[in-house]
Amino acid sequence: MAQWSLHPCSQSSARVLLIPTAFGPDTQAPLTILNAGAELCAFEPRLGIDVDQLAVAQLPGLMDEPPYGLCEAAVTQAWRRQQWPVLLPSVLAASWGAIRALWKHYLSLSVVHCSAHANFMPPVEMTQPDQDMSYGNGAWVELLYQHGLPVVHVGLRSSSARAYAWLRDRHSPIFWAQEAWDPQQVVEALPEQPVFLVVDCSVLDPSLAPAVHHPEPGGLSWFRLLQTCEAIFAARPVVGVSLGGVAVSSATRPTARIAARLLNWLLACYGLYSLKLDPNPASLERLENESGL
């Protein structure tokens, strides 16, 4: 079973740091993902990478709130120790704290936002006078645009009319879930600079991940998401990840297991493309035979 779940290494010797962060109603969601790793084999046969080769540590759960200064501090500390930060937030708006930390060290930073929702410009009827919506889960991506960070949206299929018009007028790259596109096109839409990857589990079809905050029909298939993530790792330095969006409900356990498997895949991609781990030859030979190469 995955060692990052059952037996994480000490923080002093880690190459990867998992950072569970709780805020809002679903404070147990990050721990459900971590615990679900105990049900998984850490080996990813399609990449030939055994994630148990990685030295992965876990921080104790953070209780953070806007503007997510604890997330920023944790990611800053990981960067100083040359550890790869993986944020596991109960509220994806906490990603802004992690992005803020890395942006100070990588002045040219792009963000890939994989989600069913734009998380940008909530409808007027959802706002109240004198209410700061900047750090809310429904609008936090707007902070990225305000600070001039390039954003590429993947799997989008829901947005307000105002957000849609704003993104269209500015030619923001959007890879809609219902359209046919190749993962390499996502890479081509990214500048030649480091990437922070945000994965909201709502990007997947609800048949795979039903326990998300606002499920939308017609999401990405499992392998399309994996291939897209792998293509980004292969072509750009991915300096951090935020993975979340799991809601606490009767369907939490199967969704958390999907999120844990996705986390394992991201760790394997990091091991293969960033740490340059040697893949298992037997697995690669089997995949070549399957594809007829």
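Helices of at least four residues and strands of at least two are DSSP runs, numbered from the N terminus. All views show a predicted model.

**Figure 1. His 171 in the loop between helix 6 and strand 9.** Helix 6 comprises residues 161–169 and strand 9 residues 174–176, and His 171 is placed in the loop between these two elements. The phi angle of His 171 is near 55°, a positive value in a residue other than glycine. Most residues other than glycine have a negative phi. His 171 has a relative accessible area of 69% and is therefore exposed, the cut-off for this class being over 50%.

**Figure 2. Lys 276 in the loop between helix 9 and helix 10.** Helix 10 spans residues 281–291, and Lys 276 is found in the loop that lies between helix 9 and this helix. Although Lys 276 is not a glycine, its phi is positive, at about 60°. With 59% relative accessibility, Lys 276 counts as exposed.

**Figure 3. The cis peptide bond between Pro 66 and Pro 67.** The bond joining Pro 66 and Pro 67 is cis, with an omega of about 5°. Most peptide bonds are trans. Pro 67 has its place in the loop between strand 5 (62–63) and helix 3.

**Figure 4. Packing of helix 2 against helix 9.** The axes of helix 2 (residues 29–36) and helix 9 are 8 Å apart and form an angle of about 65°. That angle makes helix 2 roughly perpendicular to helix 9, and the crossing of the two helices is right-handed. From helix 2, the residues that meet helix 9 are Thr 32, Ile 33 and Ala 36; helix 9 contributes Thr 252, Ala 256, Arg 257, Ala 259, Ala 260 and Leu 263. Classed by residue type, the contact of helix 2 with helix 9 has six nonpolar, two polar and one charged residues.

**Figure 5. The surroundings of Thr 252 in helix 9.** Helix 9 covers residues 252–274, and Thr 252 lies within it. Thr 252 counts as buried because its relative accessibility is 7%, the cut-off being under 20%. The side chain of Thr 252 reaches the backbone oxygen of Ala 247 at 2.8 Å. Residues up to four places away in sequence aside, Thr 252 touches Thr 32, Ala 211, Val 246 and Ala 247. Of these, Thr 32 belongs to the part of helix 2 that meets helix 9.

**Figure 6. Packing of helix 3 against helix 4.** Helix 3 (residues 69–80) and helix 4 (residues 95–103) pack with their axes 7 Å apart, at an angle of about 40°. The two helices are therefore oblique to each other, and helix 3 passes helix 4 in a right-handed crossing. On the side of helix 3, Gly 69, Cys 71, Glu 72, Val 75, Thr 76 and Trp 79 make the contact, and on the side of helix 4, Gly 97, Ala 98, Arg 100, Ala 101 and Leu 102. By class, six nonpolar, three polar and two charged residues form the contact of helix 3 with helix 4.

**Figure 7. The enclosure of helix 4.** Eight of the nine residues of helix 4 are buried, so this helix is largely enclosed by the rest of the structure. The buried residues are Ser 95, Trp 96, Gly 97, Ala 98, Ile 99, Arg 100, Ala 101 and Leu 102. Their cover includes helix 3, helix 5 (141–146), strand 6 (84–89), strand 7 (110–114), strand 10 (195–200) and strand 11.

**Figure 8. Val 238 in strand 11.** Strand 11 runs over residues 238–244 and contains Val 238. The relative accessible area of Val 238 is 4%, so Val 238 is buried. Neighbours within four places in sequence aside, Val 238 is in contact with Trp 84, Val 195, Leu 197, Ile 232 and Phe 233. The C-alpha atom of Val 238 is separated by 19 Å from that of Ala 73, and the two residues are 165 residues apart along the chain.

**Figure 9. Gln 83 in the loop between helix 3 and strand 6.** Gln 83 is found in the loop that lies between helix 3 and strand 6. Having a relative accessible area of 6%, Gln 83 is buried. Not counting residues up to four places away in sequence, Gln 83 touches Gln 11, Ala 14, Arg 15, Leu 17 and Ala 78.

Methods:
Residues are numbered from 1 along each chain as its sequence is written. This is a predicted model: local features need pLDDT of at least 70, side-chain atom pairs count only at pLDDT 80 or more; totals for chains, interfaces and linings use all residues. Side-chain values use heavy atoms; hydrogens and water are left out. Buried means under 20% relative accessible area, exposed over 50%, partly exposed in between (1.4 Å probe, protein chains only). A polar contact is a pair of N or O atoms within 3.5 Å; within protein, one must be able to donate a hydrogen and the other to accept it, and residues adjacent in sequence count only if both atoms are side-chain atoms. Contact means heavy atoms within 4.5 Å. Axes are lines fitted to C-alpha atoms, for helices over the stretch in contact, and angles run from 0 to 180 degrees between N-to-C directions. Angles under 35 degrees count as roughly parallel, over 145 as roughly antiparallel, 65 to 115 as roughly perpendicular and the rest as oblique. A crossing is left-handed if the near helix is turned anticlockwise from the far one by less than a right angle, and right-handed if clockwise. Ala, Val, Leu, Ile, Met, Phe, Trp, Tyr, Cys and Pro count as nonpolar, Asp, Glu, Lys and Arg as charged, and the others, Gly among them, as polar.
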